[in-house]
Amino acid sequence: MASPDKDLVPALDKDGVRLTVDDAIATVTLTNPAKRNAQSPALWRALTEAGRQLPGSVRVVVLRAEGKSFSAGLDRQAFTPEGFDGEPSFIDLARGSDAELDATIAEYQEAFTWWRRSDIVSVAAVQGHAVGAGFQLALACDLRVVADDVQFAMRETSLGLVPDLTGTHPLVGLVGYARALEICVTGRFVTAEEAVSTGLANVAVPADQLDDTVRDLAAAVLAAPRDAVIETKALLSGAQDRTYEAQRGAERQAQARRLRDLAGVGD
């Protein structure tokens, strides 16, 4: 895929991650197509750093990847005795205490959590393979636009592991418990047609239209007032955890804030 941010000076460009900012839109690009954007702890730290570097002007964050695949998942080098240079191997981590292992996984998860921040709308542009950690990274975003060649798969269970990079909660929320369980334990591929029909993806388009479609979606998000988008996102993201009556109350409180703001009346 051609890069839509090639003329911008990167705010971050390291370990397979590039961040560019164009006023209200930030673009995070996975930049290691030769390895199908396989993921590593260094890449996760770079993703976390990208989130921390977002200026306050940013309202939409686009996540995309160079090459034919969005991300083939965890770099298998992690499972070798030597692991990655300067990093403890996963075998070494397994020998640590429960507290150490928990803290390490929590650190890895930080790369996947900031995409749901209330002050931004994140959009994943996904083409080709999005496997394991790649699938979970796409799930970390609020919205997903996919190319018609996309293939999602959750392969962790097939390897004797579990999905642990925050993907289980959004997956169940999007497709339901039964389908999420079946996708995870079989490790099968989910194609573009199924992704759209089950709500896993918002829309599927030909690969050569992916960037333009995401750009149009970002523009549509930016057309609405920022505070109204933030309040609406908070209402919808918390709806599953509230009762019907509690959601009614949350709607009233949010609307009261919006009306007072529009009228210029303080709380």
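The protein chain exposes about 13200 Å², and carbon and sulfur atoms supply 53% of that. Accessible areas here come from the Shrake-Rupley method with a 1.4 Å probe, and for residues only the protein chains shown count as cover. Bear in mind that this is a predicted model: local features need pLDDT of at least 70 and side-chain atom pairs count only at pLDDT 80 or more, while totals for chains, interfaces and linings use all residues. Residues are numbered from 1 along each chain as its sequence is written, and side-chain values use heavy atoms, with hydrogens and water left out.

Now the overall build. The C-alpha trace spans about 65 × 45 × 35 Å along its principal axes. For 267 residues, a compact globule would have a radius of gyration near 18 Å, and the chain's 19 Å agrees with that; the radius is taken over C-alpha atoms, and the globule rule is 2.2 Å times the number of residues to the power 0.38. Of the 267 residues, 43% count as buried, where buried means under 20% relative accessible area, exposed over 50%, and partly exposed in between (1.4 Å probe, protein chains only).

The chain has 10 helices and 10 strands. These are DSSP runs numbered from the N terminus: helices are H or I with at least four residues, strands are E with at least two.

On to three of the strands. β2 and β3 pair in the antiparallel sense over six bridges, whereas β3 and β4 run parallel, also joined by six bridges. Two strands pair if DSSP finds at least two bridges between them. The β2–β3 hairpin has two residues between its strands, and Asp 23 there takes a positive phi near 60°.

Some of the facing residues:

| Residue | Stands opposite or bridges to |
|---|---|
| Leu 19 | Val 28 in β3 |
| Ile 25 | Val 60 in β4 |
| Thr 27 | Val 62 in β4 |

Strand β3 (residues 25-30) has five of its six residues buried, so it is largely enclosed by the rest of the structure. In β4 (residues 60-65), six of six are buried. Val 60, Val 62 and Arg 64 are buried on one side of β4, and Val 61, Leu 63 and Ala 65 on the other.

Back at the surface, Val 172, Tyr 177, Leu 181 and Val 185 form a nonpolar patch with about 380 Å² of accessible area together. Helix α6 (residues 177-186) gives the most to the patch, with three residues. Leu 181 sits in α6 and, at 38% relative accessibility, counts as partly exposed.

Note on methods. Patch = residues over 30% accessible without salt bridge, like charges linked within 9 Å, V, L, I, M, F, W, Y side chains within 5 Å. Salt bridge = Lys/Arg side-chain N within 4 Å of Asp/Glu carboxyl O.
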